[in-house]
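This report covers a surface patch, an aromatic contact and the cysteines. The model is examined below.

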Amino acid sequence: MTIPKTLVSVCFITLFSTIAVAEAAEKSDPLRLARGAKAWAQNCGRCHNIRAPKELSDEEWEVSATHMRVRANLPGDMVRDIILFLQSSNNVKGEQK
């Protein structure tokens, strides 16, 4: 029994479209942004001056926050929310550094 290539293609397109929609919805979740902003304000400023979100690019925030997760022993979901907040805040006008 062979599976038609068209059916396989449709399945992959549907799968990738569903994943893309889910990721986009997750990135625009206002509750995650609010949690990230609160966690950023409460945790980052305890040990050092907090940087403005526009000081670093998305990639730099990813590296910095991952580093600080280890140094400050922050939970992974909290760091993901902080990264989402910082990356959303530094791209307010749709521009990236």
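## Leu 7 and the nonpolar patch

Leu 7 is partly exposed, at a relative accessible area of 46% (buried means under 20%, exposed over 50%, partly exposed in between; 1.4 Å probe, protein chains only). The residue lies in helix 1, residues 5-27 (helices are DSSP runs of H or I, at least four residues, numbered from the N terminus).

Leu 7 joins Ile 3, Val 8, Phe 12 and Leu 15 in a nonpolar surface patch, with about 450 Å² of accessible area together. Patch residues have over 30% relative accessible area and no salt bridge, and nonpolar side chains are joined within 5 Å; a salt bridge is a side-chain nitrogen of Lys or Arg within 4 Å of a carboxyl oxygen of Asp or Glu. Areas come from the Shrake-Rupley method with a 1.4 Å probe.

This is a predicted model: local features need pLDDT of at least 70 and side-chain atom pairs pLDDT 80 or more, while totals for chains, interfaces and linings use all residues. Residues are numbered from 1 along each chain, and side-chain values use heavy atoms, without hydrogens and water.

## Aromatic pair

The structure holds one aromatic pair. Trp 40 and Phe 85 are tilted, 5.2 Å centre to centre with 45° between the planes (ring centres within 6.5 Å, using the six-membered ring of Trp; under 30 degrees is stacked, over 60 edge-to-face, the rest tilted). The pair links helix 2 (residues 30-47) to helix 4 (residues 76-89), 45 residues apart in the chain. Both Trp 40 and Phe 85 are buried.

## Cysteines

Zero disulfides are found (cysteine sulfur atoms within 2.5 Å). For Cys 44, the nearest cysteine sulfur is that of Cys 47, 9.0 Å away. Cys 44 is buried at 18% relative accessible area, whereas Cys 47 is exposed at 70%.

Notes:
Patches are made of residues with over 30% relative accessible area and no salt bridge: like charges are joined within 9 Å, nonpolar side chains (Val, Leu, Ile, Met, Phe, Trp, Tyr) within 5 Å. Helices (H or I, at least four residues) and strands (E, at least two) are DSSP runs, numbered from the N terminus.
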